[in-house]
Amino acid sequence: MPYLDDQTSSLYARDVGTQLTPNATQRTTLIVAGCYVIVIAILWHVPVLSWIIYPFKLLTVGFHEMSHAIAGILTCATIHSVELDPDEGGETRMSGGVPWITLPAGYLGSSLIGACLIACGFNTNASKIACLALGVFFLFTLWWARRNWLTWILILGMSGLIVLFWLVADSVALRFFILFVGVMSDLYVLWDVIDDTIARKVNSSDASAFARICGCFPSQVWGVIWLVVAFMFFAAGIIVGLVAFKESSSEQSSASAHFLPAPGSSGTMASVPLPDVLVMIVAALSWKMLW
């Protein structure tokens, strides 16, 4: 077993403390994320105002269903369709696969996606990369849900918002948009798990189906376990953002100007403005999937 003397242990603890201490830019990000939590909680429980975040609820349902589908692919399942409905529900139809993996993948996968987006929300260039990943995610979703009109409206709307925020203030707005989607996704998982498995038992929920297959614990216990894991993902997203992205706002702005810059920015001539390219690619692929 390696031996660490007191001085080495003190230096290690000090280094960890330094890495986790937010700088001014990170403090702003944390404050904005906290405001997101409060605003989402208020909008969520006010019937009239809840329509403001309705599209983002559907987006998180899409994350949930696509997590089922990805887990199905990884366990050799055949994905027949992915569907979203206006009542904030969804369904992934597949045959084969390993239910022990595909059933919990919905909640755990969407909370992991939310955590990754939260981490990327600490940095502008990381947010751009996250948008590229979301673009791939959207294309797979459209392929499996190509006959579902609600999915088309949702994804086209979200793609439009991504392009819009990419163009605003050297993509700074994009960073806070990705942060919002990440916070929304994780909060939706937390509240959905509590509502479906802990506060009340829904026999058609993933936890109930998993409990019937497993047999060792009731659905409420699995709900608590998944809730703890979702909290851990949420915290991990914040910790990774604090440790990995220590650049100040000015440093991020300078780096962003030379990495996939928005048209008209100072770095446009040095790199290809990607939003226009993304629009053309998505449009071409969407046309092929429709016909």
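**Figure 1. Overview of the chain in the predicted model.** Of the contacts in the chain with a separation of 6 or more, 70% are accounted for by residues 24 or more positions apart. The chain contains 11 helices and 2 strands. Read from the N terminus on, its elements follow the order α-α-α-β-β-α-α-α-α-α-α-α-α. Of its 291 residues, 45% count as buried.

**Figure 2. The largest nonpolar core.** This core has 66 residues, and those with the most contacts inside it are Ile40, Phe138, Ile162, Ile178 and Val183. Helix H7 (residues 172-199) supplies the largest share of the core, 13 residues. In soluble globular proteins, nonpolar side chains tend to be buried together. Residues up to four places away in sequence being left out, valine 183 touches Ala33, Tyr36, Val37, Ile40 and Ile118.

**Figure 3. An aromatic pair between helices H2 and H7.** The count of aromatic pairs comes to 15. One of them is formed by tyrosine 36 and phenylalanine 180, which meet edge-to-face, at 5.1 Å centre to centre and with 85° between the planes. Tyrosine 36 lies in helix H2 (residues 24-45) and phenylalanine 180 in helix H7, so the pair ties together parts that are 144 residues apart in sequence. Both tyrosine 36 and phenylalanine 180 are buried.

**Figure 4. An aromatic pair between helices H3 and H5.** The ring centres of phenylalanine 63 and phenylalanine 137 are 5.0 Å apart and the planes stand at 65°; the pair is therefore edge-to-face, the cut-off for this class being over 60 degrees. Phenylalanine 63 belongs to helix H3 (residues 54-74) and phenylalanine 137 to helix H5 (residues 124-144), so that distant parts of the chain, 74 residues apart, are linked. Phenylalanine 63 counts as buried at 1% relative accessibility, and phenylalanine 137 is buried with a relative accessible area of 12%.

**Figure 5. A cluster of rings and two charges placed over rings.** Trp100, Tyr107, Phe210, Phe217, Trp222 and Trp226 are linked into a cluster by ring pairs. Elsewhere in the view set, lysine 57 has its charged end over the ring of tryptophan 44, at 4.3 Å from the ring centre. The charged end of arginine 175 likewise sits over a ring, that of phenylalanine 176, 4.4 Å from its centre.

**Figure 6. Helix H5 and its N-terminal cap.** Helix H5 consists of 21 residues. From its first C-alpha to its last, H5 reaches 30 Å, close to the 30 Å expected at 1.5 Å a residue. The N-terminal end of H5 is capped by asparagine 123, a side-chain oxygen of which lies 3.0 Å from the backbone nitrogen of asparagine 125.

**Figure 7. The surroundings of threonine 25 in helix H2.** Threonine 25 counts as buried, at 8% relative accessibility. Apart from residues up to four places away in sequence, threonine 25 touches Arg175, Glu247, Ser248, Ser249 and Gln252. Arginine 175 is also the residue whose charged end sits over the ring of phenylalanine 176.

**Figure 8. The surroundings of alanine 119 in helix H4.** Helix H4 spans residues 99-120. Alanine 119 has 8% relative accessibility and counts as buried. Its C-alpha atom and that of glycine 241 are separated by 4.2 Å, although these residues are 122 residues apart along the chain. Residues up to four places away in sequence not being counted, alanine 119 touches Gly237, Val240, Gly241 and Phe245.

**Figure 9. The surroundings of leucine 154 in helix H6.** Helix H6 covers residues 149-167. Leucine 154 is buried, its relative accessible area being 9%. Between leucine 154 and proline 55 the C-alpha to C-alpha distance is 6.7 Å, while in sequence the two are 99 residues apart. Neighbours within four places in sequence aside, leucine 154 is in contact with Pro55, Leu58, Leu59 and Leu84.

**Figure 10. Two loop residues with a positive phi.** Most residues other than glycine have a negative phi. Cysteine 76, which is not a glycine, has a positive phi of about 65°. Cysteine 76 is placed in the loop between H3 and strand E1 (78-85) and counts as exposed at 70% relative accessibility. For leucine 260, phi is positive and near 50°. Leucine 260 is found in the loop between helix H10 (249-256) and helix H11 (274-290), and at 15% relative accessibility leucine 260 counts as buried.

Technical notes:
Residues are numbered from 1 along each chain as its sequence is written. This is a predicted model: local features need pLDDT of at least 70, side-chain atom pairs count only at pLDDT 80 or more; totals for chains, interfaces and linings use all residues. Side-chain values use heavy atoms; hydrogens and water are left out. A nonpolar core is a set of buried Ala, Val, Leu, Ile, Met, Phe, Trp, Tyr and Cys residues joined through side-chain atoms within 4.5 Å. Buried means under 20% relative accessible area, exposed over 50%, partly exposed in between (1.4 Å probe, protein chains only). Helices (H or I, at least four residues) and strands (E, at least two) are DSSP runs, numbered from the N terminus. Contact means heavy atoms within 4.5 Å. Rings of Phe, Tyr and Trp (its six-membered ring) pair if their centres lie within 6.5 Å; planes under 30 degrees apart count as stacked, over 60 as edge-to-face and the rest as tilted. A charge sits over a ring if NZ of Lys or CZ of Arg is within 6 Å of the ring centre and within 35 degrees of the ring normal. The expected span of a helix is 1.5 Å times one less than its number of residues. A polar contact is a pair of N or O atoms within 3.5 Å; within protein, one must be able to donate a hydrogen and the other to accept it, and residues adjacent in sequence count only if both atoms are side-chain atoms.
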